[in-house]
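Please work through the exercises below with the sequence and the model open side by side. Each task is followed by a solution that goes step by step.

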Amino acid sequence: MEKTHENVKAFGWAARDTFGVLSPFNFSRRVTGEKDVQFKVVYCGICHTDLHQLKNEWSNSIYPMVPGHEVVGVVTEIGTKVEKFKIGDKVGVGGLVESCRKCENCDNDLENYCRDQIMTYNGVYTDGTTTYGGYSDIMVTNEHYVVHWPENLPMEAAPLLCAGITIYSPLKYFGLDKPGMHIGVVGLGGLGHMAVKFAKVFGTKVTVISTSLSKKDEAIEHLGADSFLVSRDPDQMQGAAGSLDGIIDTVSVIHPLLPLINLLKTRGKLAMLGAPEKPLELPVFPLLLGRKLVAGSFIGGMKETQEMVDFAAKHSITPDVEVVPMDYVNTAFERLLKSNVKYRFVLDIGNTLNKN
Ligand SMILES: [Zn+2]
Ligand SMILES: [Zn+2]
């Protein structure tokens, strides 16, 4: 028997099965514990992960499922031992809401790599209940997994909490944030457009690499990329061989790595952020000959997530979003499936989540 909370009524939209269609859902949240923050959700981004989870594409979905891990809101209640927040504060919650707090990862502000981390939704919390995400009216979260939302950062910039940190963390960790470097960005979706924005503010030169020439104007005119490569054009790719210090690869379908590895300078780094379902072919010889690195990265720890939103606020880095009402969510997912969004949907929970 699934455990439920009896005390705090909550309301959101949930999928009931692998069809992934969302509809209104009454449920409950835990009573605000001594280290918990309760907040009213104002905006929640729609991440591509939500689509995979709703349809059980990773075979680990728990129904009913209330998705949402790019959540921004306003604090309505705090526990007696909460130190960082007060009622009325703007806050954000990203991909995780708990971790073990005692492993090497947790000790080093890398809660995102803790083996016992608990995801914001579709997870099982320490009390045995299912976690529900931000497509809902309220959330209750331990303050350690909540960030301060800067006053001058628009609340609709909620996708920073997943798309933003997923980009920021590898750019920093792999040292690809140094002015004068030349960075490649593969794929121009929710993650890719954030990569261009952060990389430009870091002072690096940015080349967008895409299968389709149709994105060139958008990449250069609108997002401010310096150049554009069509990955299917061997001449263009050969002409740019050995020119990049690093590549941020956001593609989540099977794709060849060799053309990307060839673009790297000696000691260049290819950071993989997408999650193709099947293994990719890794040509080792070109790695050896250039001491090149192929690596992965996954969101970021809580300290770094706070640093990222503060940095975004300071430099006015915000995702391009299309704000939509709650009852548009199923249409939004249909459009997301066709990549028909620039570049992220954000649900206007605060104004449009109506119980009736
Ligand atoms: Zn996400
Ligand atoms: Zn841990």
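The exercises go from domains to a sheet, then to a helix pair, and end with the backbone.

The model is predicted, so that local features need pLDDT of at least 70 and side-chain atom pairs count only at pLDDT 80 or more, while totals for chains, interfaces and linings use all residues. Residues are numbered from 1 along each chain as its sequence is written, and chains are lettered from A and ligands numbered from 1 in the order in which they are written.

**Exercise 1. Domains**

Task: Determine which residue ranges form domain 1 and domain 2, and describe their contact.

Solution: Begin with the domain assignment (bounds from an automatic or database assignment), which gives 8-161 + 320-352 as domain 1 and 164-296 as domain 2. Next, take the C-alpha centres of domain 1 and domain 2, which are 29 Å apart. The contact, for which the C-beta atoms of two residues, placed from the backbone, must lie within 7 Å, draws nine residues from domain 1 and five residues from domain 2. Finally, sort the domain 1 side by class: four residues are nonpolar, three polar and two charged, where Ala, Val, Leu, Ile, Met, Phe, Trp, Tyr, Cys and Pro count as nonpolar, Asp, Glu, Lys and Arg as charged, and the others, Gly among them, as polar.

**Exercise 2. The open sheet**

Task: Establish the strand order of the open sheet of six strands, and find which helix packs on β10, β11 and β13.

Solution: Strands here are DSSP runs (E, at least two residues) and helices likewise (H or I, at least four), numbered from the N terminus, and two strands pair if DSSP finds at least two bridges between them. On this basis the order reads β12-β11-β10-β13-β14-β15, with parallel pairing. The edge strands, each pairing on one side only, are β12 (227-230) and β15 (293-296). Within the sheet, β10 (residues 182-186) and β13 (residues 244-249) run parallel and are joined by four bridges, and Val185 stands opposite Ile248 in β13. The helix sought is α4 (residues 190-201), which touches β10, β11 (205-210) and β13, its direction making about 170° with that of β10; such angles run from 0 to 180 degrees between N-to-C directions, with axes fitted to C-alpha atoms, for helices over the stretch in contact.

**Exercise 3. A helix pair**

Task: Decide how α3 and α9 are oriented relative to one another, and which residues meet.

Solution: Helix α3 (residues 163-173) packs against helix α9 (residues 302-314) at about 100°, the axes being 10 Å apart. The two helices are therefore roughly perpendicular, a term that covers 65 to 115 degrees. Gly164, Ile165, Tyr168 and Ser169 in α3 meet Glu304, Thr305, Met308 and Ala312 in α9. By class, the residues of this α3 and α9 contact comprise four nonpolar, three polar and one charged.

**Exercise 4. Backbone geometry**

Task: Locate the loops that hold Pro64, Tyr343 and Asp109, and describe the backbone there.

Solution: Pro64 lies in the loop between α1 (48-54) and β4 (71-78), and the peptide bond from Tyr63 to Pro64 is cis, with omega near -5°. Tyr343 is in the loop between α10 (329-337) and β17 (344-347), and a cis peptide bond, with omega about -15°, joins Lys342 to Tyr343. Asp109, in the loop between α2 (104-107) and β7 (118-119), has a positive phi near 60° although the residue is other than glycine.

Notes:
Parallel < 35°, antiparallel > 145°, perpendicular 65-115°, else oblique.
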